Amino acid sequence: MIELLFSSLFLIAIVFFVSLAIVEGQVWRYRRRNKTALPTPLLVTLTTGPVLLATAILLALSLTFLGKGTGLIVDHCLVHGLNHPHLCFEHLPAGQLSFLAVVGASLLILYIAVKLATLAKSTLKYARVNRSVSQFQTGRINWLDSDREMAFVAGIRQPRIYLTHILKKRLSRQALRIIVAHEIQHIRNRDLLKMFLIECLMSLYSRRTKTYLMNQWVLYREQKVDRQLAGRFGRAAVADTLLCMLPIKNHEAGLNSAGGDIEQRITGLANLNERSLFSAKRAYQWVAVLTLSLTVFLTVEHHALETLIGWIN
């Protein structure tokens, strides 16, 4: 049993690290050559690909064990011989533990453990920042005394909006209204929770790849909110508010925002009728369907999976 376990983990490790390397290579290429926003289906695929491929392998192995144990999958173990690896508790073959399989499985476990520790550290840091900000909470919309122009949402469980009083000196009443509506829309879209989950997936990548993909996700979320507000206030009003976020002079900073590239957001509003923003939800649905299809295919073709496990062991 231990031999089959390590061999299975080694197979998952191969799939995971190879797909991880492919994503890193693709991101490096796009980061150097492509200055525009990534298409949403490609962004979702790059974000979830390695995890979902490894999950498909794990599910296929588990379903094969379950299927053979319950009789839902026809047992051909004796036909292939007891020396052949079998995903079946009744006919587990006796084998020798491969050193390569142990190393591969151990590397996978160690890599995930290190990344989870890093994620836990950043999560605790965010929680401390959120607790410090929560000291100023008096309501859903809160005004802060600061010489910096800021508007942001903080808190995943109970998100609240924070703005600085200095915004009132430069922005018009209409612009302030749109900025507040923008932050409210982020809360309605549950963007903080979604971005936190995406950041959990991004913790598996290198720092440069994580930064690039997170910036792409931020741009996608901001463009989505811009389009939602355009239907309420009009494209011109939203675009004028975005212009207020740009620096006017070298010594005069615009609105402090981590809301993606402002120029791309304005261009997205200008092309609103020409190119609609592909929904990430639909992209996730397609990726999930492909993952389940791959899982079913590997379960049906479990003999090839067993042969591959025997070969790498």
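R128 sits in helix α4, the stretch that covers residues 99–133. The model behind this description is a predicted one. With a relative accessible area of 47%, R128 counts as partly exposed, because that label covers values between under 20% (buried) and over 50% (exposed). R128 also has company on the surface: together with K121, K125 and R131, R128 forms a positive patch.

The surface has a nonpolar patch as well. I14, V18 and I22 make this one, and the patch comes to about 250 Å². One of its members, I14, belongs to helix α1, which runs over residues 2–33. I14 has 32% relative accessibility, so I14 is classed as partly exposed.

Next come the strands. Strand β3 (residues 160–164) pairs with strand β2 (residues 151–154) in the antiparallel sense, and four bridges hold this pairing. Two of the partnerships can be picked out by name. A151 in β2 has L163 in β3 as its bridge partner, while A154 is matched with R160 in β3. Between β2 and β3 lie five residues, and the two strands make a hairpin. In the turn of that hairpin, G155 has a positive phi of about 100 degrees.

Strand β3 has another partner, too. Strand β1, made of residues 141–144, runs parallel to β3, and four bridges join the two. One of the matched pairs here is L144 with T164 of β3. So how covered is β3 itself? Mostly covered is the answer, as four of its five residues are buried.

Now for the charged pairs. Side chains of opposite charge can pair when their charged atoms come close. How many salt bridges does a search of the whole structure find? The count is five. One of them brings together the side chains of D191 and R221, with a distance of 3.8 Å from N to O. D191 lies in helix α7 (residues 191–202) and R221 in helix α8 (residues 207–233), so this salt bridge ties together parts of the chain that are 30 residues apart in sequence. Are these two residues buried or exposed? D191 has a relative accessibility of 4%, so D191 counts as buried. R221 is buried as well, at 6%.

Another salt bridge links E222 and R265, whose closest N and O atoms are 3.5 Å apart. This pair connects distant parts of the chain, since E222 belongs to helix α8 and R265 to helix α10 (residues 262–270), with their positions 43 residues apart in sequence. E222 is buried, because its relative accessibility is 10%. R265 is buried too, with a value of 2%.

R265 does not stop at E222. R265 also forms a salt bridge with D226, and here the closest N and O atoms are 2.7 Å apart. Once more the link spans distant parts of the chain: R265 is in helix α10, D226 is in helix α8, and the two are 39 residues apart. Both R265 and D226 are buried. What do E222, D226 and R265 make when taken together? Through salt bridges that share partners, these three residues are joined into one network.

Two further pairs show how residues far apart in sequence can be compared by their distance in space. R282 is part of helix α11, which spans residues 280–300. R282 is partly exposed, as its relative accessibility is 42%. Along the chain, R282 and V44 are 238 residues apart, yet their C-alpha atoms are 9.9 Å apart in space.

The other pair starts from M202 in helix α7. M202 has a relative accessible area of 0%, so M202 is buried. Its counterpart is L46: the two residues are 156 residues apart along the chain, and 9.8 Å separates their C-alpha atoms.

Definitions and conventions
Residues are numbered from 1 along each chain as its sequence is written. This is a predicted model: local features need pLDDT of at least 70, side-chain atom pairs count only at pLDDT 80 or more; totals for chains, interfaces and linings use all residues. Side-chain values use heavy atoms; hydrogens and water are left out. Patches are made of residues with over 30% relative accessible area and no salt bridge: like charges are joined within 9 Å, nonpolar side chains (Val, Leu, Ile, Met, Phe, Trp, Tyr) within 5 Å. Accessible areas come from the Shrake-Rupley method with a 1.4 Å probe; for residues, only the protein chains shown count as cover. A salt bridge is a side-chain nitrogen of Lys or Arg within 4 Å of a carboxyl oxygen of Asp or Glu. Buried means under 20% relative accessible area, exposed over 50%, partly exposed in between (1.4 Å probe, protein chains only). Two strands pair if DSSP finds at least two bridges between them. Lys and Arg count as positive and Asp and Glu as negative; His and the chain ends are not counted. The place of a charge is taken as NZ of Lys, CZ of Arg, CG of Asp or CD of Glu.
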